[in-house]
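Visitor: Please take me through one part of this model closely. I would like to see how its helices pack, and then how that part sits among the rest of the chain.

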Amino acid sequence: MTPTMALAYLFWTRHRRGLTLVGGYCLAVLLLCAVAPAGVFALSSDESISLFMTASIVLCSGSGVAVGYLVLIFTFSREAQLETCESSYPARLWTRPLPTYALVGWPMLWGSAALMPVWLTYAWAERQLCSLDLPLAWPSLMAAVLLAWCQAILWTSFPMPWLRLLLLIPGGTIFFFTPMIMLDFDESSTALCGLLAGLLLAAYGTALRSVARARCGEHRRWGWPDWLRWPWAARSRRPFSSPAWAQLWFEWRLHGLGFPMAMAILAILVFPMMPLLVEALNSSDQLPPSLRQEIGSLWLAAASQMLVLPLYSAMLVGPQLGKCSGKSFVLSSYLATRPVPVAMLVRAKFAMTVCSTLAGWGALILGLLLWLTLSGHAVEAAQQFETMRQKHAPGVFWGWLTLLVVGVILLTWVQMVQEMWIGLTGRTRAIEIWNFIKVGFLIGLILLGLWFGFWLAKHPEWWPLLERLPPWLAGTAVILKGLAAVWSLSVLKRRQLIPSGVLWGVLAIWLALAGGLFAALYALLPYKWFYWPGVILGIVLLLPLTRLALAPLALSWNRHR
């Protein structure tokens, strides 16, 4: 077997199921384009909006999932640690009797060859089914360039931690927006393809040089100058007062800085573009003028960014917090046999996520304040804030502000911990299946909501019946969540993974939070807007209990595998 076929066989044996699904998706879309009439989902009238949006969401979601999966496997980043200095190229491949250009070139070539047909399939389907004239050449080449530079950055050894993330996120943003900027300035697609081809060759050269240096063990490390080091860095560390503090320190060193660093990087990238967002909000016809006058365009733009960025980042970071070691979800023999109870390990992870959430929000708020000061918008922001404060009663204004700030921070923490249990199982296959089911459920829920919304708009005779459904939905949700919580807590008590006092304390805290949130909304919302079934349904779905209780069970299963 030739080296090329050997590497191809290695990829196929490890990822044959996923690659088969990607290939089957592309073939199914092409077959649909060949069978269906041209423009069958085109936007021709108001009645075709639902079909157009459904087809666009299905095609975009399927292609996005396929692209994400291909980038994940061809960059070898399933078990990569982006914050470390070492190259993420698998060291097990360095020992094979193959030259470095073969170990680097073939994965990069196969990744580009796999990504380009996905875009061509998506663009052709949009042309044939939805009558959207999408370009074929330069976006497929741009996908190859993005993959190649992701591979080059991930496979490069850096002299200091976190430098990889500082290059990966801004670099990807620049490469993504460069073609659009060039097209806005009426540059030809030929020149754009030439630029992308040059960037592709540069990525190949960078990856080859980086892997060759890492394969030979050439790794530089930079240290902080003496005058920048902390005064207590050279002192001996005092012993930990308890095993719980030692475990918390270990979890913080392992995962704690990920979310704050992501918030700091996003603040550097997003806040300088705030004037563009403010201008877009001022010129938008879909935004109610009363909302713009009530809050102010500057605070409205800042609030939109500060609501989206932490929640989205926490959703991405959360599953990785289930790792009990740096490289794998599986517990090593050393970590599994330590004389530390499961409850202490899980509590340390939860405490670490609290510290990480607060640090991340601190970095984001500090970035906003620095941008307001340096950009000269501090006076405008203060005036808009004072205008908002004067329009409302002091109790209502400060109550809503406190509820919003505390609620968003709590929701960020919930996003980080609610998916931790699946990572604590240590089963990589189960994690991948769960992620696939979650993405499929989300896409299906969006499509079902769109279809039901358009159907309901055409059948107003069903509106009175739907007005009587929320109380039943709220009651059903409370009963189902209560049964799931009782089952999970009873299993924890039967297996003695968590003391009974802690279980009753957790349940009391959950009930106190739910009751406090219900009381706060009852006091702040006007009477005509307070709809108690919707409030109860939102609180029950928002506050996690069963997923938190599953974390000790999953860790115990991982520990005794």
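**Helix packing and single residues**

Guide: Start with threonine 100. Setting aside neighbours within four places in sequence, threonine 100 is in contact with Leu208, Val211, Ala212 and Arg215. Threonine 100 lies in helix α3. Its relative accessibility is 16%, so threonine 100 counts as buried, the cut-off being under 20%. The model is a predicted one.

Stay in helix α3, which spans residues 100–130, and move along to threonine 121. Threonine 121 is buried too, with a relative accessible area of 7%. Its contacts, again without neighbours within four places in sequence, are Cys26, Val29 and Leu30. Take leucine 30 from that group. Threonine 121 and leucine 30 are 91 residues apart in sequence, yet their C-alpha atoms are 6.7 Å apart in space.

Now step back to the chain. It has 561 residues, of which 38% count as buried. It holds 22 helices and zero strands. Consider the contacts with a separation of 6 or more: residues 24 or more positions apart account for 80% of them.

With helices and no strands, packing is the next topic. Two packed helices are described by the angle between their axes and the distance between the axes. Three pairs follow, and helix α11 takes part in two of them.

The first pair is α11 and α15. Helix α11 covers residues 297–317 and helix α15 covers residues 394–417. They pack at an angle of about 20°, and their axes are 7 Å apart. An angle under 35 degrees counts as roughly parallel, so α11 is roughly parallel to α15. Their crossing is right-handed. On the α11 side, the residues in contact are Met306, Leu307, Pro310, Leu311, Ala314 and Met315. On the α15 side they are Val408, Leu411, Thr412, Gln415 and Met416. By class, this contact has nine nonpolar residues, two polar and no charged ones.

Helix α11 also packs with α9, which covers residues 274–283. Here the angle is about 115°, with the axes 9 Å apart. This crossing is right-handed as well. From α9 come Met274, Leu277, Val278, Leu281 and Asn282. They meet Ser297, Leu298, Leu300, Ala301, Ala302, Ser304 and Gln305 in α11. The class count for α9 with α11 is eight nonpolar, four polar and no charged residues.

The third pair is α8 and α13. Helix α8 runs over residues 258–270, helix α13 over residues 342–375. The packing angle is about 15° and the axes are 8 Å apart. The two helices are therefore roughly parallel to each other. The crossing of α8 and α13 is right-handed. Helix α8 brings Phe259, Pro260, Met263, Ala264 and Ala267 to the contact. Helix α13 brings Ser356, Thr357, Ala359, Gly360, Trp361, Ala363, Leu364 and Gly367. By class, that gives nine nonpolar, four polar and no charged residues.

Go on to helix α19, residues 469–495, where lysine 481 is placed. Lysine 481 is buried, with a relative accessible area of 17%. Apart from neighbours within four places in sequence, lysine 481 is in contact with Val540, Leu541, Leu543, Pro544, Leu545 and Thr546.

After α19 comes a loop that leads to α20 (500–524), and glutamine 496 is found in that loop. Glutamine 496 counts as exposed, at 70% relative accessibility. Its backbone deserves a look. Most residues other than glycine have a negative phi. Glutamine 496 is not a glycine, but its phi is positive, at about 55°.

Finish with the cysteines. A disulfide needs a pair of cysteine sulfur atoms within 2.5 Å. By this rule the count is zero disulfides. Cysteine 33 is in none: the nearest cysteine sulfur, that of cysteine 130, is 9.0 Å away. Cysteine 33 is buried, at a relative accessible area of 5%. Cysteine 60 is partly exposed, with a relative accessible area of 45%.

Definitions and conventions: Residues numbered from 1 in each chain as written. Predicted model: local features only at pLDDT ≥ 70, side-chain atom pairs only at ≥ 80, totals over all residues. Heavy atoms only, no water. Axes fitted to C-alpha atoms, helices over the stretch in contact; angles between N-to-C directions. Helix = DSSP H or I, 4+ residues; strand = E, 2+ residues; numbered from the N terminus. Parallel < 35°, antiparallel > 145°, perpendicular 65-115°, else oblique. Left-handed = near helix turned anticlockwise from the far one by under 90°. Contact = heavy atoms within 4.5 Å. Nonpolar A, V, L, I, M, F, W, Y, C, P; charged D, E, K, R; others polar. Buried < 20%, exposed > 50% of the residue type's maximum accessible area, 1.4 Å probe, protein only.
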